[in-house]
Amino acid sequence: MGKPGTTNAETQLASLSERQPNAVRAAGPGQWFIVGDHPKTQREIEALFTGLGADIYGVDQSAGRVRILVQGTMVERVLSKGTSVDLAPTSFPVGSATVTLMGHIATHMTRTSMFAFELMVLRGFAESLWDDLVAMCREFA
């Protein structure tokens with residue numbers, strides 16, 4: 001989280017990520033998620049937080065959130081059953097991220113490629129979201 005008026009926060013955060021595309025994701029004004037595919041030790045996380053400086057604060061969310069990758073040529077049609085976000089590539093291009101409701105579940109959604117989205121939810125809602133995704137995919141099976 002950044003203090004109001006913090007400049008270059010996304011650039012600074014990108015330097016702390018694993019340099020993966022879309023690793024730094026907007027989560028609201030002055031808020032970002034940094035995601036990665038490799039687990040970090042507590043010592044590594046503390047070192048990252050120390051590197052943030054005085055204008056940005058880090059909060060480890062790794063134990064409290066689950067990331068789900070949804071992909072395929074029908075992914076927009078599947079996800080549109082659960083959200084009101086316009087998922088067309090012209091409105092929501094690769095790298096776009098937003099917080100939305102997927103059904104009744106607050107979800108952070110990122111388009112990671114033309115036919116792939118990553119959904120991030122609080123751990124306690126992951127199984128429910130998974131069940132909803134299975135139901136939304138049924139017509140395409």
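Which backbone oxygen lies 3.4 Å from a polar atom of the side chain of T83? The backbone oxygen of L101 holds this place, as the second legend below records again. The legends describe a predicted model.

**Figure 1. The aromatic pair formed by F92 and F117.** A search of the whole structure finds one aromatic pair. The ring centres of F92 and F117 are 6.1 Å apart and their planes meet at 15°, so the pair is stacked; planes under 30 degrees apart count as stacked. F92 belongs to the loop between helix 3 (75-79) and strand 4 (97-102), whereas F117 belongs to strand 6 (residues 116-122), so the pair ties together parts that are 25 residues apart in sequence. F92 is buried, with a relative accessible area of 6%. F117 is also buried, and its relative accessible area is 0%.

**Figure 2. The surroundings of T83 in the loop between helix 3 and strand 4.** T83 has a relative accessibility of 9% and therefore counts as buried, since buried means under 20%. When residues up to four places away in sequence are not counted, T83 touches T100, L101, M102 and M109. With T100, the link is a polar contact of 2.8 Å between the two side chains. With L101, the backbone oxygen of that residue lies 3.4 Å from a polar atom of the T83 side chain. T83 and L119 are 36 residues apart in sequence, and their C-alpha atoms are 12 Å apart in space.

**Figure 3. R25 in strand 1 and its contact with E118.** Strand 1 comprises residues 24-28 and includes R25. This arginine counts as buried at 5% relative accessibility. The side chains of R25 and E118 are joined by a polar contact of 2.5 Å. Leaving aside neighbours within four places in sequence, R25 is in contact with several residues, among them Q31, W32, F33, V35 and A97. The list of its contacts also includes H108, T110 and T112.

**Figure 4. R111 in strand 5 and two backbone oxygens.** R111 counts as buried, at 0% relative accessibility. A polar atom of its side chain lies 3.0 Å from the backbone oxygen of F92. The backbone oxygen of M114 lies 2.8 Å from a polar atom of the R111 side chain. Apart from neighbours within four places in sequence, the residues in contact with R111 include N22, E76, L87, A88, F92 and F117. Both members of the aromatic pair, F92 and F117, are thus found among the contacts of R111.

**Figure 5. The contacts of F117 in strand 6.** Not counting residues up to four places away in sequence, F117 touches, among others, I68, L69, V70, V75, E76 and L79. Its contacts also include F92, M109, T110, R111 and T112. F117 and F140 are 23 residues apart along the chain, and their C-alpha atoms are separated by 17 Å.

**Figure 6. The largest pocket and its lining.** The volume of the largest pocket is about 1,000 Å³. Its lining consists of 37 residues, of which F33, I34, V59, Q61 and S62 lie nearest the centre. Two or more lining residues come from each of these elements: helix 1 (9-16), strand 2 (31-34), helix 2 (42-50), strand 3 (65-71), strand 5 (105-113) and strand 6. By residue type, the lining divides into 22 nonpolar, 10 polar and five charged residues.

Note on methods. Residues are numbered from 1 along each chain as its sequence is written. This is a predicted model: local features need pLDDT of at least 70, side-chain atom pairs count only at pLDDT 80 or more; totals for chains, interfaces and linings use all residues. Side-chain values use heavy atoms; hydrogens and water are left out. Rings of Phe, Tyr and Trp (its six-membered ring) pair if their centres lie within 6.5 Å; planes under 30 degrees apart count as stacked, over 60 as edge-to-face and the rest as tilted. Helices (H or I, at least four residues) and strands (E, at least two) are DSSP runs, numbered from the N terminus. Buried means under 20% relative accessible area, exposed over 50%, partly exposed in between (1.4 Å probe, protein chains only). Contact means heavy atoms within 4.5 Å. A polar contact is a pair of N or O atoms within 3.5 Å; within protein, one must be able to donate a hydrogen and the other to accept it, and residues adjacent in sequence count only if both atoms are side-chain atoms. On a 1 Å grid over the protein atoms alone, a cavity is a set of points where a 1.4 Å probe fits but cannot get out, and a pocket is an open set with protein on both sides within 12 Å along at least five of seven lines; lining residues have an atom within 4 Å of a point. Grid points are joined across faces, edges and corners, and a volume is the space filled by probe spheres set on the points. Ala, Val, Leu, Ile, Met, Phe, Trp, Tyr, Cys and Pro count as nonpolar, Asp, Glu, Lys and Arg as charged, and the others, Gly among them, as polar.
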